[in-house]
Every structure is written in structure tokens, then in C-alpha cells.
Amino acid sequence: MVSQPVPASIEKSPFNEITLKHNVRVDFHPFIRVQGVSLKEFMSQRVEVLDHSAVIFTSRTTVDHFFRICEEARIAIPETMKYFCMTEAVALYLQKYIVYRKRKIFFANGSFTNFMELVVKHKDENFLIILSEPHNPELPFTMEKLKMRFHKVILSRTVANDLSSVDLRSYDMLAFYSPSEISILVSQYGKEGLPTIAAFGESTARAAIESGLEVGIMAPTPQSPSMTKAVDLYLTQVAGGMVPEAVVLAHNTQSEDFIKQQEAKASRRSRLKVSDKISKGKAKKNSKTAKTPDARGTNKMAVKGNSAKNVARNKISTVKKAAPLKTDTSGTK
């Protein structure tokens, strides 16, 4: 079971390949639905969209509600506005509302670290983060720790769907895409007797593990950049007689690891600057010393000067002594 809406075209869905390759059935049951906030609720947040130079989107839903609110509030987005997206799919979805231009649309590969590296490269921008309530606080928390300029705005809310008719324990695998879905799963079905959990994103996997669930599949990873690839790899291992190990996450979150990396880089840059200043100071001091003759050099020059004068005087004296007296042989004076 996949906790997403049924694709418009099943044949074009990547999960259709899973069905054909592994001879399994895939059902779609969205756990949540997203409701947009009203214009009045948006205005009550007192966020000026046009005061920002860049907008951050974490999903296609946030894109829809951003442009909906802008239209309702009659906010004309300038062409100079930049857009930062968590994945390429979200970036391409922007074509529904704007002309796609690479110089103003930036996207990551879906991982939090890759996305933050992208954002840090443009740290001089004033960001507006489009969020849904509830949301993962890692992004604003990390940007605040890095002292970046940003504001966040809530443009939608997540509510639970009616799942009373769905027997989750009849499935062999449940695929989830957000921590909100994990929260609904535990509150409505408990933790016991559930099938294998597949989680997209570290925040979803962490929410499941902290809720007492065992996660067997996680994406994206270097080996599995998408959920379908992760499920495909898992089913291939099971068919080969292997027992895949449960997902284990480090104690630190991605945001904490990223902040430490940035602090370490800043510390190295600071040390290099100090070292560079010291080197420049020494070079400048040596240059001044080379240009200014010392006392010994001055004395040597004085001695050499006096010696030359003495030699000249001695030569003159010797010439005077050696010169013979002229005698007048004519007898006249």
C-alpha cells in the first residue's frame, strides 16, 4: 500500500514497473489531504511576499497554495524572484505557473544536506519558506542557526482521511512519505502487527522509529534515489533469499550534522584568515627591515667613506713630496 493518491495513469506510474517485475499488487490510499488556508488567515500572519528575493518549496502542494494565495491577494510576483525546490520534480512543476528559467530555479536531489548546500550558496538572498501545518522544523531551524535571512508562512494544513475501511494488516508493505502519515498510522492502528514500513525521507523514517515502528526500507539513499527503486531493491533481496536489515539512523539529525559541518568550515576559514594575516604581517615587517639600513651598515659606509678620503689625501701628499725642484740654469731670476 502506498499512501498517495491514485496516479492519473497507472501505466505511466513507476509503481507499475514494480507490479510487472515482481508480480505484486500495489494499492493507493492517501492517509492525509491538504487544505489551503484562507486569505484572511494568510493576511493575519503579516508576511510581505514582495519583501523577499527567493521562495523555498518543499512539495508540489506548497507550490499550488503559494500561487493561489498570490492570486487571491493580487500579488504580482516579479520575474526576478528566485525559486528553490527540494527535488527536480517540484522544480518542473513550477512550469504550471511560471516560465521555466534555469537562472532563477534551483533544485536539489531530495536529500536535506544537498538542499541546504544549495541554499547556503545563495545565503545573501532573503528567503520565504512555504510550509504546511504540521511541518518538519529542520529547515527553518537550520537556517536560523546559520543566521540566514528568512521568514516562514503557513499556507495549508494537513488533515487525516477516513481510513476505517482499509485493513492495513492485510498488506505486506506500507509506504509513507511524511511524518504526519506516521502519526496518523500510530494513532489509528497502533504499533503492533503492522507490515514492513517503507519511509521516504529521514524525517519520516525517524518519526516511525521514534514511534516504536521498525523501518525496513528508506529512500532516498545513494543506492536508492527514489521510493520505487528502494522497494525494487528490497523485493529483489527477499526473492533471493536475503533478509534485509532494519533501517538504523544516527543519533544526530541531518540538520545537526549540517550545522556542525558549516561551523567546522567557518572555523577553518577563520584560522586560514588569521594565518594569512600573520604571514602578511611578517612579510611586511621583513620588507621594511630590508629597505632600512641598520647601524652597522651605516658605520661601514662611514668607514669606507673616510678610508677613501684618507687614500686621496695620501696620494696628494706623496705627489708633492716626490715632485723635484726646478733649477734656473740661465742665471736669471
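## A walk through the strands

Start with one cysteine. Cys70 has a relative accessibility of 4%, so this residue counts as buried; the cut-off for that word is under 20%. Cys85 is buried as well, because its relative accessible area is 0%. Does burial go with sulfur bridges here, and how many disulfides does the structure hold? It holds zero disulfides. Keep in mind that this is a predicted model.

Now step back to the whole chain. The protein chain has 333 residues, and 35% of them count as buried. Its secondary structure comprises 11 helices and nine strands. The accessible surface of the chain is about 21300 Å². Carbon and sulfur atoms supply 54% of that surface. Next, look at the contacts in the chain between residues with a separation of 6 or more. Of these, 66% join residues that lie 24 or more positions apart.

Turn to strand 5. This strand covers residues 127-133. Six of its seven residues are buried, so strand 5 is largely enclosed by the rest of the structure. Which strands pair with it? One is strand 2, residues 54-57, which runs parallel to strand 5 and is joined to it by three bridges. Another is strand 6, residues 150-160. Strands 5 and 6 also run parallel, and seven bridges join them.

Phe127 helps you find both pairings. On the strand 2 side, Phe127 is the bridge partner of Ala54. On the strand 6 side, the bridge partner of Phe127 is Phe150. Trace from Ala54 to Phe127, then from Phe127 to Phe150. You have now gone from strand 2 to strand 5 and on to strand 6.

Move along the chain to strand 9, residues 215-219. Is this strand enclosed or open? Five of its five residues are buried, so strand 9 is largely enclosed by the rest of the structure. Its partner is strand 8, residues 196-200. The two pair in the parallel sense, over four bridges. To locate the pairing, find Ala198, which stands opposite Ile217 in strand 9.

How does the chain get from strand 8 to strand 9? It passes through helix 8, residues 202-210. This makes a β-α-β crossover, and the crossover is right-handed. Follow it in the model: strand 8, then helix 8, then strand 9.

How values were computed:
Residues are numbered from 1 along each chain as its sequence is written. This is a predicted model: local features need pLDDT of at least 70, side-chain atom pairs count only at pLDDT 80 or more; totals for chains, interfaces and linings use all residues. Side-chain values use heavy atoms; hydrogens and water are left out. Buried means under 20% relative accessible area, exposed over 50%, partly exposed in between (1.4 Å probe, protein chains only). Two strands pair if DSSP finds at least two bridges between them. A crossover is right-handed if, with the strands pointing away from the viewer, the path from the first strand over the helix to the second runs clockwise. Contact means heavy atoms within 4.5 Å. Accessible areas come from the Shrake-Rupley method with a 1.4 Å probe; for residues, only the protein chains shown count as cover. A disulfide is a pair of cysteine sulfur atoms within 2.5 Å.
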